[in-house]
Amino acid sequence: MLRTQWGDQWQGTADDGLAAGRPAVAVSTPRAVAVYRQPPAHGSPRNLVEVTVAELQARGSAIQVRGLDQPDGAPGLAADITADAAAELRLTPGEVVWFGVKAQEVTLRATHPGVD
C-alpha cells in the first residue's frame, strides 16, 4: 500500500523496485478510473480518492475529467468517462467527486528523486 503525504492511500501491484519507506507513485490509465458523486457504499474498487474537478475536456468519444493539481504540485488525477456518463453526472469545475480504481488496475512504482 502507498500512502501520500496528504493522506490518500493506494493499493495495487508493486513493481520490483518498490521498498518500504522509499518514494513511490501509483500509476493507472484514465480509462480505468470510475467517477462517483458520492463514495460508493458497495463495490470492488479498493482505491477511492476525493477529487475537486478542475476541467472537463472532450477526447474523441470520451470526456476527460481532470482534478486540481495534487498538493505536491503533481498534475491532477484524470478519468476518461463516456459522454453519457458525463451528462448523467452533470459535472462542472469546482465540484467534489470521487475517483475509484480497482487495485488490479494500479501499479505502485518506485521513484528516484531528481530523476525524470
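This section describes the strand pairing, the largest pocket and one unusual backbone angle in a predicted model.

Strand 9, residues 96-101, takes part in two pairings described here. Strand 5, which covers residues 34-36, runs antiparallel to strand 9 and is joined to it by 3 bridges. Within this part of the fold, tyrosine 36 lies opposite tryptophan 98 of strand 9. Strand 6, spanning residues 47-59, also pairs with strand 9 in the antiparallel sense, and 6 bridges connect the two. Here valine 51 faces a residue of like name, since its opposite number in strand 9 is valine 97.

A further group of strands forms an open sheet of 3 strands, arranged in the order 3-10-4 and with mixed pairing. Strand 3, residues 13-14, and strand 4 are the edge strands of this sheet, each of them pairing on one side only. Strand 4 comprises residues 24-27. The contact between strand 4 and strand 10, the latter made up of residues 107-110, is antiparallel and consists of 4 bridges. Valine 25 stands opposite arginine 109 of strand 10. In a regular strand, side chains point alternately to one face of the sheet and to the other.

The largest pocket encloses about 730 Å³ of space. Its lining is made up of 28 residues, of which Leu2, Ala24, Val25, Ala26 and Gln70 are the closest to the centre of the pocket. By residue class, the lining contains 17 nonpolar, 7 polar and 4 charged residues. Three strands each contribute at least two residues to this lining, namely strand 1 (2-3), strand 4 and strand 9. The largest share is that of strand 4, which supplies 4 residues. Strand 4 is thus both an edge strand of the open sheet and a contributor to the pocket lining. Val25 likewise appears in both settings: this residue is among those closest to the pocket centre, and it stands opposite arginine 109 in strand 10. Strand 9, in turn, supplies at least two lining residues and pairs with strand 6 as well as with strand 5.

A backbone feature was found outside the strands. Most residues other than glycine have a negative phi. Arginine 90, although not a glycine, has a positive phi of about 50 degrees. This residue is located in the loop that lies between helix 1 (83-89) and strand 9. Arginine 90 has a relative accessible area of 66% and is therefore classed as exposed, the cut-off for that class being over 50%.

Definitions and conventions
Residues are numbered from 1 along each chain as its sequence is written. This is a predicted model: local features need pLDDT of at least 70, side-chain atom pairs count only at pLDDT 80 or more; totals for chains, interfaces and linings use all residues. Side-chain values use heavy atoms; hydrogens and water are left out. On a 1 Å grid over the protein atoms alone, a cavity is a set of points where a 1.4 Å probe fits but cannot get out, and a pocket is an open set with protein on both sides within 12 Å along at least five of seven lines; lining residues have an atom within 4 Å of a point. Grid points are joined across faces, edges and corners, and a volume is the space filled by probe spheres set on the points. Ala, Val, Leu, Ile, Met, Phe, Trp, Tyr, Cys and Pro count as nonpolar, Asp, Glu, Lys and Arg as charged, and the others, Gly among them, as polar. Two strands pair if DSSP finds at least two bridges between them. Buried means under 20% relative accessible area, exposed over 50%, partly exposed in between (1.4 Å probe, protein chains only).
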